[in-house]
Amino acid sequence: MNRHLTTFLAVTMLGCASHAWAQKPQPNVLTNAQLKTLLSNGLNVKITGADRPNTAARTATAVYQKDGTVRLNEGPATPTRIGSWRIDGNKFCTKYSGGLGSGCFNVQKTGESTYKLIPLDGLLEGTWEVVKK
């Protein structure tokens with residue numbers, strides 16, 4: 001009886017330990033209130049990220065205006081893209097004409113003025129560096 005009990009306890013403890021080890025910690029993302037505070041007066045950021053897998057990262061500037069409009073500029077040779085942004089729960093979402101770059105992200109603070117954009121709609125990860133609030 002003792003041998004069975006010892007075996008049962010050992011297997012149970014191993015199962016609990018492997019379950020805890022297998023779980024990935026979830027990133028600490030901004031809440032709805034934190035997103036609203038960050039964007040309430042508009043926000044100017046430098047965005048870095050790739051728009052397709054296996055391509056080099058690109059940089060753009062974005063101006064998120066408090067009325068929900070966004071202006072994205074990838075450089076002097078490209079026209080400024082105009083779209084919209086919104087906060088949906090704990091998600092930050094963008095929509096551009098033509099669909100490119102449209103989708104929702106969780107936003108994770110990574111430094112004093114830097115953030116990681118965690119895609120929720122199949123887009124690729126990116127970063128924000130706040131230029132001006």
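## Exercises on strand pairing and salt bridges

At 33% relative accessibility, Asp88 is classed as partly exposed, and the exercises below, which concern a predicted model, return to this residue after the strands have been treated.

**Exercise 1.** Determine which strands pair with E1, in what sense and over how many bridges, and state which residues stand opposite Gly49.

*Solution.* Begin with strand E1, residues 43-49, which pairs with strand E2, residues 58-64, in the antiparallel sense over seven bridges. Next, turn to strand E8, residues 126-132, whose pairing with E1 is likewise antiparallel and runs over six bridges. Finally, locate Gly49 in these pairings: Arg58 of E2 stands opposite Gly49, and Gly126 of E8 also stands opposite Gly49.

**Exercise 2.** Identify the salt-bridge partner of Arg58, and explain which parts of the chain the pair ties together.

*Solution.* Start from the side chain of Arg58, which meets that of Glu74 in a salt bridge with an N to O distance of 2.2 Å. Then place the two partners: Arg58 belongs to strand E2, whereas Glu74 lies in the loop between strand E3 (69-73) and strand E4 (81-88), so the pair ties together parts that are 16 residues apart in sequence. As a last step, consider accessibility, where partly exposed covers the range between under 20% (buried) and over 50% (exposed). Glu74, with a relative accessible area of 29%, is partly exposed, and Arg58, with a relative accessible area of 35%, is partly exposed as well.

**Exercise 3.** The structure holds five salt bridges; describe the one between Lys116 and Glu125, and then state which residues are joined into one network by salt bridges that share partners.

*Solution.* First, recall the principle that side chains of opposite charge can pair when their charged atoms come close. The side chains of Lys116 and Glu125 meet in a salt bridge at 3.7 Å, N to O, a distance that satisfies the cut-off of within 4 Å. Lys116 counts as partly exposed at 27% relative accessibility, and Glu125 counts as partly exposed at 45%. Salt bridges that share partners, in turn, join Arg86, Asp88 and Lys91 into one network. Within this group, the side chains of Arg86 and Asp88 meet in a salt bridge at 3.4 Å, N to O. To complete the description of this pair, Arg86 is partly exposed with a relative accessible area of 45%, while Asp88, from which the exercises set out, is partly exposed at 33% relative accessibility.

Methods:
Residues are numbered from 1 along each chain as its sequence is written. This is a predicted model: local features need pLDDT of at least 70, side-chain atom pairs count only at pLDDT 80 or more; totals for chains, interfaces and linings use all residues. Side-chain values use heavy atoms; hydrogens and water are left out. Two strands pair if DSSP finds at least two bridges between them. Helices (H or I, at least four residues) and strands (E, at least two) are DSSP runs, numbered from the N terminus. Buried means under 20% relative accessible area, exposed over 50%, partly exposed in between (1.4 Å probe, protein chains only).
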